[in-house]
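Q: Please take a close look at one part of this model. Go through it step by step for someone who has not seen it before.

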Amino acid sequence: MKAAVFPSKIANLGLPPSGRFALFFRSPATFLLPATTPCRKLTRGRRGSESFMSQSSSSSQLFSSLSNSFSTQSESELPQVTLPSPKPKSPPPQLPWLIVGLGNPGKKFEGTRHNVGFEMVDALADAEGISMNTVNFKALFGKGVIGNIPIMLAKPQTFMNASGESVGQIVSFYKIPLKQVLVIYDDLDLPFGKLRLLPKGGHGGHNGMRSIIDRLKGSRDFPRLRIGIGRPPGKMDTANYVLRQFNKQEQEELDYTFQTGLEAIRIMLLEGFNKSATFVNTQKSMQQLS
């Protein structure tokens, strides 16, 4: 095969001088790359990988640096989040205590032994500022509070032997638990001025207590504070004795007894029956102290 003869125009294409390129013509459309140009290995991918790894390492170092800066901050420098405190639940309403003093109404019976229950309630009303001018449930009636405990004071006006009519109505109307009904009355079997607090018991021959137990459907499970008036001297009739008034010395001793009774009632309401009973039943009367 004869070498092809190129026109002169091809010679003027500005190709590099001979020696740098070798042009062969094995087939009409086949050209060879310059023989003197070495085949260079591809390094772009490696450099890109190295660059990516370098950037990743820098990011890790930056993140580590930021983490260390936060961890070295004191708790006081960190933002504080205050959660709303839950609203305290209001305690359930307290059921009232009923404190009843027994006696006979009218000036004729004021200051007599049979009316020491009335006098004890009067002393409590005066000490706690409770008015007893309301007439309700067949009783002189008053309401007040000792500490946070609501109380009701009552002096039945039905005469002693029918005291249960008044007490029964109050307990039924206000739905008072019997363990919160304190009855205060005179007791012939206790020494004069002596107090005794019991959680329950019988009537002991006392007509006022007998009436109350009957009206409470025979239940005896209510506390009582007994005030000793002693036995009649000699052969004096008991009925006459309980309707006698106190002399000056006896009234002074009763005032001491009433102060002890007031303290006992406060302890019972605020600290519990057992603690009050221990206080009362170990307390000595003024006569025993002298």
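A: What follows is about helix H4 and then the sheet.

The model is predicted: local features need pLDDT of at least 70 and side-chain atom pairs pLDDT 80 or more, while totals for chains, interfaces and linings use all residues. Residues are numbered from 1 along each chain as its sequence is written, and side-chain values use heavy atoms, without hydrogens and water.

Helix H4 covers residues 163-174 (helices are DSSP runs of H or I with at least four residues, strands runs of E with at least two, numbered from the N terminus). From the first C-alpha to the last, the 12 residues of H4 reach 17 Å, close to the expected 16 Å (1.5 Å times one less than the number of residues). After H4 comes Lys175, with a positive phi near 55 degrees.

Ser163, Gly164, Ser166, Val167, Gly168, Ile170 and Val171 are the buried residues of H4 (buried is under 20% relative accessible area, exposed over 50%, partly exposed in between, with a 1.4 Å probe and protein chains only). Among the elements that cover these residues are strands S1, S3, S4 and S5 and helix H5 (contact means heavy atoms within 4.5 Å).

The last two residues of H4 are of another kind. Phe173 is exposed, at 55%, and Tyr174 is partly exposed, at 24%. Their ring centres lie 4.9 Å apart with the planes at 80 degrees, so this pair is edge-to-face (rings of Phe, Tyr and Trp, its six-membered ring, pair with centres within 6.5 Å; planes under 30 degrees apart are stacked, over 60 edge-to-face, the rest tilted). Ring pairs join Phe173 and Tyr174 with Phe137 and Phe141 in a cluster.

Now the sheet. Its 7 strands run in the order S2-S3-S4-S1-S5-S7-S6, and the sheet is open with mixed pairing (two strands pair if DSSP finds at least two bridges between them). S2 (134-136) and S6 are the edge strands, each pairing on one side only. From one strand to the next the twist averages 25 degrees (axes are lines fitted to C-alpha atoms, for helices over the stretch in contact; angles run from 0 to 180 degrees between N-to-C directions). Helix H8 (residues 273-281) packs on the sheet and touches S6 and S7, its direction making about 155 degrees with that of S6.

At the S6 edge, 4 bridges pair S6 with S7 (residues 224-228) in the antiparallel sense. Leu195 and Leu197 form the covered face of S6, and Arg196 and Leu198 the uncovered one. Leu197 has Leu225 of S7 as its bridge partner.
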